[in-house]
Amino acid sequence: MIHKTRGIVLHQIKYSDNSLIVTVYTELFGRQSYIIKGVHSKKSKIKSNLFQPLFLLEMDAYYKPNKSIQNVKEIQSAHIFSSMPYDIRKSSIALFIAEILYKTLQEHEANKDLFNYLFHSIQLLDIKDDSISNFHLYFLVHLSKYLGFFPNNNYSQEKCYFDLRAGSFMQIKPLHNSCLEKGLSKIFSQLLTFSENQHQDIELSHSERMVLLEKLVEFYSLHHEGVVNIKSLGVLKEVLH
């Protein structure tokens, strides 16, 4: 049976000279892999440029439960991007987010709240004209809510150290290094409560932003076993220098 579903591109690998296997997070079936044949053929209706990181798709796809690689009938873009593929800062953020999602989203079932959060966030990244310097930080913090390890926002003047392992703010600085200092802990508490239109107002130096990014990736690695060796992190840090 053919199903119409929206999807978000997470990853692609070359399967043959003219085919790709593309991992897509779909609205109806969660994470799925699809074989896309003939993408480099002039006659193909499905072109390879549709499968860039975080591209949004409208799909007519076959679905067979427990099948590791599915087939598609038709695919087209669900959003005409105006800036993300052409802005190196946005495309680097997209590459980083796609890698995080590829390593964390493993369920082969629908999660419409999560899908809608992702779809909306990607559209927002594309259309934003103002600062995107904190976008990925805000995104990671709020993605953790859907993954089941959203931090406890118990920040106060007394509880002013965020413990990455505990996922909570502490009164006394932990003896281990998996924590945030006072200044970044306060900023982190703001990321937990600010709206998607407020995070751009958080003032961070370049070094503070890099530390917070590294600590967020560490926080993910502590709470999700799939988050290891994030290759795009180095690219993102270089681009956002």
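Begin at two helices, H1 and H2, which are roughly antiparallel to each other (an angle over 145 degrees counts as roughly antiparallel, under 35 as roughly parallel, 65 to 115 as roughly perpendicular, and the rest as oblique). A helix here is a DSSP run of H or I with at least four residues, a strand is a run of E with at least two, and both are numbered from the N terminus.

Before you click further, note that this is a predicted model, in which local features need pLDDT of at least 70 and side-chain atom pairs count only at pLDDT 80 or more, while totals for chains, interfaces and linings use all residues. Residues are numbered from 1 along each chain as its sequence is written, and side-chain values use heavy atoms, with hydrogens and water left out.

**Stop 1: H1 and H2**

Select residues 88–104 for helix H1 and residues 112–127 for helix H2; the two pack at an angle of about 165°, with their axes 10 Å apart. Axes are lines fitted to C-alpha atoms, for helices over the stretch in contact, and the angles run from 0 to 180 degrees between N-to-C directions. H1 passes H2 in a right-handed crossing (right-handed if the near helix is turned clockwise from the far one by less than a right angle, left-handed if anticlockwise).

Now show the side chains in the contact: Lys90, Ile93, Ala94 and Leu101 from H1, with Leu118, Leu125, Asp126 and Ile127 from H2. Contact means heavy atoms within 4.5 Å. By class, this contact has six nonpolar residues, two charged and no polar ones. Ala, Val, Leu, Ile, Met, Phe, Trp, Tyr, Cys and Pro count as nonpolar, Asp, Glu, Lys and Arg as charged, and the others, Gly among them, as polar.

**Stop 2: H1 and H6**

Keep H1 on screen and add helix H6, residues 232–239. The axes of H1 and H6 come within 9 Å and cross at roughly 155°, which makes H1 roughly antiparallel to H6. What is the handedness of the crossing of H1 and H6? This crossing is left-handed.

On the H1 side, pick out Ile88, Arg89, Ser92, Ile93, Leu95, Phe96 and Glu99; on the H6 side, Ser232, Leu233, Val235, Leu236 and Val239. Colour this contact of H1 with H6 by class and you will find eight nonpolar, two polar and two charged residues.

**Stop 3: H2 and H3**

Go back to H2 and add helix H3, residues 135–147. The axes of H2 and H3 come within 11 Å, crossing at roughly 175°, and these helices are therefore roughly antiparallel to each other. H2 brings Asp113, Leu114, Tyr117, Leu118, Ser121, Leu124 and Leu125 to the contact, and H3 brings Phe135, Tyr138, Phe139, His142, Leu143 and Tyr146. The contact of H2 with H3 divides into 10 nonpolar, two polar and one charged residue.

**Stop 4: inside H3**

Stay on H3 alone. How many of the 13 residues of H3 are buried? The count is 10, so H3 is largely enclosed by the rest of the structure (buried means under 20% relative accessible area, exposed over 50%, and partly exposed in between, with a 1.4 Å probe and protein chains only). Among the buried residues are Phe135, Leu137, Val141 and Ser144. To see what covers them, switch on H1, H2, H4, H5 and H6, which are included in that cover.

Just after H3, click on Gly148, where phi is positive, at about 100°.

**Stop 5: H4 and Leu192**

Next select helix H4, residues 182–193, whose 12 residues should span 16 Å at 1.5 Å a residue; its end C-alpha atoms are 17 Å apart, which agrees. The expected span is 1.5 Å times one less than the number of residues. Its buried residues are Leu184, Ser185, Ile187, Phe188, Ser189, Leu191 and Leu192.

Zoom in on Leu192, which counts as buried because its relative accessibility is 7%. Apart from neighbours within four places in sequence, Leu192 is in contact with Val141, His142, Phe150, Pro151, Asn153 and Phe169.

**Stop 6: two loop residues**

Finish with Leu54, in the loop between strands S3 (30–37) and S4 (56–62), and Asn229, in the loop between H5 and H6. Phi of Leu54 is near 70°, a positive value in a residue other than glycine; phi of Asn229 is near 50°, also positive. Buried or exposed: which is Leu54? Leu54 counts as buried, at 0% relative accessibility, whereas Asn229 counts as exposed, at 57%.
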